[in-house]
Amino acid sequence: MTQTEPTRIEQTSAEHVERLWAAVCDRDEHAAAEAVTGAAADGLPPESVLLDVIAAVQRRVGQEWADNRITVAQEHAATAINERALAALALAAPTPAPTLGTITVACVDGEWHALPARLLAEVLRLRGFRVDYLGAQVPAPHLITHLHRTGPDAVALSSSIATRLPSAHATITACQAAGTPVIAGGAAFGSDGRYARLLGADAWAPDARTAADHLARAPLNRPAGGHQPIDDLPHLADQEYTMVSRTSGQLVKAMLSGLEETIPAMRSYTEAQREYTAQDLAHIVDYLGTALYVDDPDLFTGFLDWTAGILTARSVPARFLVPALDLLAAELRDFPRSTALLMKGRAALPAHDVPGDHDR
C-alpha cells in the first residue's frame, strides 16, 4: 500500500459516511442508527464511528447550510438525527469500566451547539473516564454547584460560537476558583487555541481525540489560585466592551434606521425582511463586542469575511455590509478601539457603490 492509498479503516469510514449522509438527507432516524451500528459491526472502532463518521457528516451538514443548499430547519433536523444515531451507537458499543478519573463536559452558557461536546463525552467514556455530560447552555452558577457536589478532575468546556467567549471566560475563571482545571475546545477558541490561552484555560485541544489523549496522559494540574477576568484582559478597563454589549439593542435600531435612509428600497421591506436584517446587524454588533473583549481585530474581520460569503451564497450583495459598518462607526465615534476595529473591518470588504435594491 502506498502512502496515498487509504487504509481499510479510512475506506470503511468513507462508506459509512455516505450511508449516514443518505439517511440524514432522507430524514430517516432508523436508517441513521443502522448506519452507525453497522459501521461498528463492520469492525470500525466505536471512536472512529463517532469522529470519522458522525462528526464528518455533521461537518458536511454545516457546510451545506453555509453554501445555502439546506435551510436552518433542515440543518436542525439533520443534527437531531445525528444525535439519535450517536445515542444508538452509545447504547450498542461496549464501554469499559471507568478507571481514569471523572470529567465534567459542558457547553458554555448560551451555546446551543451541543453535538461536539456530546461526541467528546462519548470518546472519554470509551477511553475509560467517568463522564458527567451536562449538555448545552450550562449557566456558570449551576456548573459550579455541580463541581462542588461531584469534585471532578477537570471540566471540558465546549463552545462553537466566538460571541460566547466572554461567558466562557467567566466560566473558566469560576471553575478555577472552585479548584477545578479547565480544558477548552471548539471553534470559538480559535483554530490554534489562541482564545483558550488568552482566557486562562489550563489546556486546549483542537478536537475530541486530542482532548482525550491529553487527559489520558496525565491529570490537569489544579489551579493555583483565583483571579478575575480583568487580570487576563487589562484592556477591558476602558469599558468599551461593556458599553457596546449593554447598548447593542440601541445600536442595532440606529443602524437599521440609518440603512433605511441610505437604501430607500429598504423602506418597502416586509416584516420578515426587516427581522432578517436586524439579526444580521445584531451579529455585527455582537462580534464587534467580542473582538473588543479579546482585543483581536482578526476575530472581527474574519467574521465579516465569513458573513460576506454567507450573504453571497444567498444572493445578497456583501457590499451592504459597508454602510452598516459606517453607521455603527458613527454611533461609536468617541470610542477609539471600536472605531479602529470598524475601520479595519471596512477595509477588509470590497468597496462598491450601494445599489438601490436589496433582495432577500
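These are my notebook entries on a sheet, one of its glycines and an aromatic cluster in a predicted model.

**Entry 1: the sheet**

I started with the strand order. The sheet is open, has 5 strands and runs E2-E1-E3-E4-E5, with parallel pairing. I then asked which strands stand at the edges. They are E2 and E5 (203-204); each has a single partner strand, so one side of each is left without a neighbour in the sheet. Helix H9 (residues 208-217) packs on this sheet and touches E1, E3, E4 and E5. I looked up its direction too, and it makes about 165° with that of E4.

**Entry 2: strand E1**

Next I went to E1, residues 102-107. How many of its residues are buried? I found 6 of 6, so I put the strand down as mostly covered. I sorted its side chains by direction: Thr 102, Thr 104 and Ala 106 point one way, while Ile 103, Val 105 and Cys 107 point the other way. Both sets are buried.

I followed the pairing on each side of E1. Towards E2 (residues 130-135) I have 5 bridges, and the two strands run parallel. There, Ala 106 stands opposite Gly 135. Towards E3 (residues 154-158) I also have 5 bridges, in the parallel sense. On that side Ile 103 has Ala 154 as its bridge partner.

I checked the connection as well: E1, helix H5 (residues 115-127) and E2 make a β-α-β unit, and I noted its hand as right-handed.

**Entry 3: from E3 to E4 and E5**

E3 pairs with E4 (residues 182-185) over 4 bridges, again in the parallel sense. I wrote down two positions from this pairing. Leu 157 has Ala 184 as its bridge partner in E4, and Val 155 stands opposite Val 182. The chain gets from E3 to E4 through helix H7 (residues 165-177), and this β-α-β crossover is right-handed.

On to the edge: E4 and E5 pair over 2 bridges, parallel once more. Ile 183 stands opposite Ala 203 there.

For the side chains of E4, I have Val 182 and Ala 184 pointing one way and Ile 183 and Gly 185 the other way, and all are buried.

**Entry 4: Gly 185**

I stayed with Gly 185, which is found in strand E4. Is it buried or exposed? Its relative accessibility is 16%, so Gly 185 counts as buried, given the cut-off of under 20%. Which residues is it in contact with, leaving aside neighbours within four places in sequence? My list reads Leu 157, Ser 158, Ser 159, Trp 204 and Ala 205. I looked up the separation from Ser 159: 26 residues in sequence, but 6.7 Å in space, C-alpha to C-alpha.

**Entry 5: aromatic rings**

Last, I turned to the rings. The structure holds 4 aromatic pairs. I picked out Tyr 287 and Phe 303: their ring centres are 3.9 Å apart and the planes are at 5°, so the pair is stacked. It links distant parts of the chain, with Tyr 287 in helix H13 (residues 271-294) and Phe 303 in helix H14 (residues 297-313), 16 residues apart. Tyr 287 and Phe 303 are both buried.

I then traced the ring pairs further, and they link Trp 65, Tyr 287, Phe 303 and Trp 306 into a cluster. My final look was at Trp 65, where Arg 314 lies over the face of the ring, 4.8 Å from the ring centre.

Terms used: Residues are numbered from 1 along each chain as its sequence is written. This is a predicted model: local features need pLDDT of at least 70, side-chain atom pairs count only at pLDDT 80 or more; totals for chains, interfaces and linings use all residues. Side-chain values use heavy atoms; hydrogens and water are left out. Buried means under 20% relative accessible area, exposed over 50%, partly exposed in between (1.4 Å probe, protein chains only). Two strands pair if DSSP finds at least two bridges between them. A crossover is right-handed if, with the strands pointing away from the viewer, the path from the first strand over the helix to the second runs clockwise. Rings of Phe, Tyr and Trp (its six-membered ring) pair if their centres lie within 6.5 Å; planes under 30 degrees apart count as stacked, over 60 as edge-to-face and the rest as tilted. A charge sits over a ring if NZ of Lys or CZ of Arg is within 6 Å of the ring centre and within 35 degrees of the ring normal. Contact means heavy atoms within 4.5 Å. Axes are lines fitted to C-alpha atoms, for helices over the stretch in contact, and angles run from 0 to 180 degrees between N-to-C directions.
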